[in-house]
Amino acid sequence: MKLDDVLHGNDAFVFMERYVDEAARTYSPFAGKSEVAPEYQPRSERPSFELVTVCAPGTQVSVFEADPVTRLRQYYVRPESVLFAVHPEIWSSSGIDHLDELHGLPRGNPIRVAPTASTRTVFVAGGEQEVPAHFLKLHYPRRISRFNRRLRRKNIHNSVEGSRDLEQVRRDRFAYLPDSLGFTYGGGDNPWGFLVREAVPRPYQGERFLIPYFALYAGDLKHAGHPPLLVQLIERLGVEPMSFVVDEIMVPVLDCWAAVVRERGILLECHAQNVLLEIDRDFRPRRVVHRDFDVWVDAEARRRAGLDVPFIGTCIEIDTPYPKEQHYSLTYDRFMGRELFDYLLEVLKRFYTADADRVRHQVVEAFHRRFPDSDCCFPAQTTFYFSNELLPGNDFRLIDTKEAPEWR
Ligand SMILES: Nc1ncnc2c1ncn2[C@@H]1O[C@H](COP(=O)(O)OP(=O)(O)OP(=O)(O)O)[C@@H](O)[C@H]1O
Ligand SMILES: [Mg+2]
């Protein structure tokens with residue numbers, strides 16, 4: 001991909017999500033695995049496919065909202081019914097709760113979508129006349145990388161509440177894609193559904209362009225000779241590579257993460273798929289755009305800050321057997337350090353023979369400036385990650401890697 005193409009709207013964005021991820025999924029033994037049918041995987045050759053929709057009676061659907069834009073709300077919440085979207089692979093699967101009932105409902109117009117890097121979140125290009133471009137995050141009970149990608153009431157509730165909460169964050173470099181609407185169908189103790197994620201970052205900032213962080217460093221599967229977008233960005237802007245990557249690409253992620261966890265107790269999972277770089281028309285990095293708020297929460301930090309805890313089953317020290325510092329280590333040392341910063345550092349080493357220790361040292365200093373009391377929340381000498389086993393029910397084990405933290 002050529003850097004100039006990043007300015008080419010939805011098609012460019014979807015291309016990065018799908019094809020600019022060569023050698024990006026190497027961070028765990030499960031990262032490259034997927035039980036999804038090949039035609040629905042992001043790397044497939046199929047440009048798009050259709051989601052099934054049904055017109056579900058309003059009485060059967062629970063709606064979750066965090067200030068959605070009116071036209072999106074109107075598209076899904078109709079006077080007599082809710083337009084309920086189901087992935088085609090799930091629509092034709094057996095053993096899915098409520099599916100027989102859904103099969104019996106009147107069909108709505110299908111929605112044409114393209115997969116994004118997470119597979120179960122798909123992009124709807126929309127059109128000026130109908131509905132603004134947006135994403136749908138779907139119930140997809142198949143294992144994709146480590147986890148089975150169900151989307152239950154709890155996940156939907158927490159994602160929408162997380163979106164509502166992040167509206168309070170005001171930081172120059174912070175932006176987010178809100179999961180501003182969610183729907184579940186039917187009763188029972190654990191219904192499933194889908195989320196509507198807006199495609200325009202908030203707070204609103206006029207004309208900007210997004211690059212998923214992994215597409216900054218990954219290879220382009222369709223254009224093997226193109227250098228990584230990060231290298232093209234450095235050349236175009238004529239900047240000193242090391243200080244640019246540290247100050248404009250890495251530290252802003254760390255800065256947003258530390259602010260959100262310290263002020264609001266939300267442990268954003270800033271790995272390379274959950275953060276996007278927002279640039280302006282002159283290719284200047286402007287903000288880090290966050291997505292995916294179905295994450296762990298430090299309820300104690302929220303109470304100290306005078307905030308309520310409107311989340312279900314996702315509080316560390318209550319809903320998980322693993323101590324707080326293990327979760328902080330997982331989200332910072334692994335998701336941000338190993339699954340993002342390590343890859344950016346590789347580009348600096350490969351293209352600019354950067355001194356890895358110097359890069360790390362600068363990030364470590366930034367970390368301690370923003371997290372001066374980090375002793376309270378992190379293990380001093382080691383880091384924690386998932387064990388190398390797949391457990392039923394999306395259960396997981398955190399284990400001591402015996403590896404020292406490299407980015408703090
Ligand atoms: N470079 C990458 N780093 C991390 N995950 C990646 C990367 N590229 C693709 N992925 C995929 O993205 C997903 C990351 O999981 P995660 O739980 O953050 O997302 P999700 O909840 O499925 O969807 P979304 O981020 O759209 O809300 C996995 O399916 C993983 O295989
Ligand atoms: Mg994600």
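Why does ligand 1 lie between domain 1 and domain 2? In this predicted model, both domain 1 (3-198) and domain 2 (209-400) give residues to the shell around ligand 1, so ligand 1 lies between them.

**View 1. The shell around ligand 1.** Take a look around the ligand here: 20 residues surround ligand 1. The closest are Arg120, Thr121, Lys137, Arg197 and Gln273. By residue class, the shell divides into 8 nonpolar, 6 polar and 6 charged residues.

**View 2. Side chains in polar contact with oxygen atoms of ligand 1.** Start with Arg120, where an N or O atom of the side chain is 2.7 Å from an oxygen atom of ligand 1. For Lys137, the distance from a side-chain N or O atom to an oxygen atom of the ligand is also 2.7 Å. His271 joins in with its side chain, an N or O atom of which is 2.9 Å from an oxygen atom of ligand 1. Of the 620 Å² that ligand 1 exposes when taken alone, the protein buries 95%.

**View 3. The magnesium ion (ligand 2) and its protein donors.** Here you can find Gln273 (OE1), Asn274 (OD1) and Asp292 (OD) coordinating the magnesium ion, at 2.1 to 2.4 Å. Along the chain, the donors follow the spacing Q-N-x17-D. Gln273 and Asn274 are both buried, and Gln273 is also among the closest residues to ligand 1.

**View 4. Geometry at the magnesium ion (ligand 2).** The site is octahedral, with 6 donor atoms and angles of 66 to 169° among them.

Notes: Residues are numbered from 1 along each chain as its sequence is written. Chains are lettered from A and ligands numbered from 1 in the order in which they are written. This is a predicted model: local features need pLDDT of at least 70, side-chain atom pairs count only at pLDDT 80 or more; totals for chains, interfaces and linings use all residues. Side-chain values use heavy atoms; hydrogens and water are left out. Donors are N, O and S atoms within 2.8 Å of the metal (3.2 Å for Na, K and Ca); water is not among the atoms, so sites may look incomplete. Four donors count as tetrahedral if all angles lie between 85 and 135 degrees; four count as square planar and six as octahedral if opposite donors are over 155 degrees apart and all others between 65 and 115; anything else is irregular. Buried means under 20% relative accessible area, exposed over 50%, partly exposed in between (1.4 Å probe, protein chains only). A residue is near a molecule or strand if one of its heavy atoms lies within 4 Å of it. A polar contact is a pair of N or O atoms within 3.5 Å; within protein, one must be able to donate a hydrogen and the other to accept it, and residues adjacent in sequence count only if both atoms are side-chain atoms. Accessible areas come from the Shrake-Rupley method with a 1.4 Å probe; for residues, only the protein chains shown count as cover. Ala, Val, Leu, Ile, Met, Phe, Trp, Tyr, Cys and Pro count as nonpolar, Asp, Glu, Lys and Arg as charged, and the others, Gly among them, as polar. Domain bounds come from an automatic or database domain assignment.
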